[in-house]
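User: I'd like a close look at one part of this model, the place where the two chains meet. Could you walk me through it in one go?

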Number of protein chains: 2
Amino acid sequence: MVTSKKAPTIQDVARHAKVSAATVSRVLSNPERVSEATRERVHKAVSDTGYTINQAARSLRMRAAKTILIALPDIGNPFYSTVLDAVVDEAAVRGYSLLVANRFAGDPSRLLSDYFLSSRADGLILLDGGVDTTLLQALATGDGHVPMVVSFDEAPKADVAAVLIDNLEAAERATEHLVALGHTKIGHIIGPSRNAAPNPRFVGFKNVMARAKLELRPEWLFPGTYAMDSGLAAAEAFLALPERPTAVFSANDEMAIGFVAALRNAGLECPRDISVIGFDDIAIARHFWPPLTTMHHPREQIGRLATESLIDILEGAATPGAPRRITLRADLVVRGSTRSLR
Amino acid sequence: MVTSKKAPTIQDVARHAKVSAATVSRVLSNPERVSEATRERVHKAVSDTGYTINQAARSLRMRAAKTILIALPDIGNPFYSTVLDAVVDEAAVRGYSLLVANRFAGDPSRLLSDYFLSSRADGLILLDGGVDTTLLQALATGDGHVPMVVSFDEAPKADVAAVLIDNLEAAERATEHLVALGHTKIGHIIGPSRNAAPNPRFVGFKNVMARAKLELRPEWLFPGTYAMDSGLAAAEAFLALPERPTAVFSANDEMAIGFVAALRNAGLECPRDISVIGFDDIAIARHFWPPLTTMHHPREQIGRLATESLIDILEGAATPGAPRRITLRADLVVRGSTRSLR
DNA sequence: AGGTCGTGTGTAATCGATTACATGCATCAG
DNA sequence: CTGATGCATGTAATCGATTACACACGACCT
């Protein structure tokens, strides 16, 4: 075992200031209940001893760890790590520590026992859309009653606080951008669907195609997983086509990038031969060649608002009743991968 | 406040199994000290009640939180988030939770008081090379005695356990690759230097240039910060050159990518007009156009080994005496951004 | 003078798990 | 039959912070 000099306790401070531990505690949490003179003596004792509160003891007594847990499907994915960045920041500002759980793959009950029943964390930010809706519901309102805020693509039906973008509507605007450029032959790389619901970005795409009375050919629809590889696969299918679309809306940037890169290998230039719009505006999108036109996903803001909402819930500052749902706007960012046909 | 049904305690289990709390505790941590029959009854009681240990209470009593802290300069950076990914994984396997601190910018004393004196975390994985060496030394061996493992580019002089690659040696091999391809006019995009020491990748570059008796022109050395933007800046300086190198070694991939992208905008093609080798092998490197030749930084392995080492130290399994230092090899990955001059 | 009230502080119980020590009981040697 | 030995289990102290309650003391009123 590693030895370390024992950290000073509240008792040490009390002795130093010649008061009781209770008074020290009060100075630290209810200063107004202590006389000016004592307060000063205690503060001096605190800095003299270098006292830092023992969180384990505090958690035990208060039944609150001042810690939140973020559960994500894949930290290594820049998309999630940007959200995480904002969450860490905001949590620190509010005095909370942040625990991270990764790839717990649809086993929310392990989260419950590992983190909440064992009172390691007070609340949960859930970024994994792969969690079954009924499990989610149970986690949020069942026995454990885990306070939580979710954020992922498929709007959950569950009765839970959420911070989201309107994927369907944003996908409509992405598609409209292509239509506005004069494209009539438009394909789509479809994102995966969760919980048996159709991918909302796909739905948005179909809506606009229908409204614009454009033909929606089945062979122009490429199934994908959001991974870059499905972009490559889509490119292969695309190249084999007898008649090709002039534009493609990819359900995310990774697939768009894979798609464009694979086409370039085959001699097709973007945007000369094909316009491509992505979705999410990941960091590389701007530095890719050509710079990718895409829908900006406000990840940073999502992380920040999710954290704020969760802590508001934890501290009772949230309005009771229906859980709050915040919907953010994803803005179109026109760069170099789409061009007008006119 | 949020109300939630109280989690069962060890007392509840004890009552259920008709034994004392001490026995339940023993079944859970020293099963061999309890008779077969009682052990079974307790196990049944545990699953009947759905008991989960209260970590706050355990931490208080044991003076150990079963939690490690990882401090990084920038979670959003894919480089770090890949390490983080491995760390989360490995920590979970060993039964540890993971706290994350981001951008604490050279204020290690705040880490000490916020996480260690307050006994929120038992050990530290430090990925931020920006920490002053003497502060680091103090943190590792001073009053608080924070058990830790570091990993960052500049080999710390501090007497601390570390998991690293040999940056200098790897930079030599990167440069040798360009030399072997027949390049004689070679430039370098220099990484930032920390703690007044020259960047080791720069040193490696200079070593090989000297050994190969190649001219090292000052105007072919471009200062950078590791951010993509410095690649753009380097490209501008490059384009203004009266005589240009035929190959460039960039101290990391981000700058290499920015460099290549900016050159392409100016009509220069890589590798036709210039060969570029990066360093780190970040995820995009393989999907960039052209696919980037680079040195593979074994981030995943670093995260895994750093976590293992730390937990070994925490659990007393580490060999006492000098802190262990593990040096990994960074392999050359030849892709499409470098070509032979012959 | 006696009582009421308010302010400031201390005492002690509490949160839940661990563990040194005590105890009870069975076994076995002499 | 007695006492030593060892195993299984219980009792109670402990970790450090919080807080209900008690108490002491002074101010003020009638």
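How many salt bridges does the rule find across the interface of chain B and chain A?

Analyst: Keep in mind that this is a predicted model. On your question, four salt bridges turn up across the interface of chain B and chain A. One pairing to pull up on screen joins the side chains of Asp85(A) and Arg103(B), with 2.2 Å from N to O. Beyond the salt bridges, let's turn to polar contacts: 14 residue pairs make them between chain B and chain A, counting pairs with both residues at pLDDT 80 or more.

As for what chain B brings to the side that touches chain A, helices H4 (55–62), H5 (78–93), H6 (108–117), H11 (253–265) and H12 (299–314) each supply at least two residues, and so does strand S2 (97–102). Sorted by class, that side of chain B has 24 nonpolar, 20 polar and 11 charged residues.

Now the overall extent. In terms of contacts, 55 residues of chain B meet 55 residues of chain A. Together the two chains bury about 4,800 Å², and 59% of that lies on carbon and sulfur atoms. If you want particular residues to look at, try Arg120(B), His287(B) and Trp289(B): they supply 12% of the area chain B buries against chain A, more than any other three residues.

For orientation on the partner, chain A splits into domain 1 (10–53), domain 2 (64–165 + 299–328) and domain 3 (167–297). The C-alpha centres of domain 1 and domain 2 of chain A are 36 Å apart.

Terms used: Residues numbered from 1 in each chain as written. Chains lettered and ligands numbered in written order. Predicted model: local features only at pLDDT ≥ 70, side-chain atom pairs only at ≥ 80, totals over all residues. Heavy atoms only, no water. Contact = heavy atoms within 4.5 Å. Buried area = accessible area lost by both parts, 1.4 Å probe. Polar contact = N/O pair within 3.5 Å; in protein donor to acceptor, adjacent residues only side chain to side chain. Helix = DSSP H or I, 4+ residues; strand = E, 2+ residues; numbered from the N terminus. Nonpolar A, V, L, I, M, F, W, Y, C, P; charged D, E, K, R; others polar. Domains from an automatic or database assignment.
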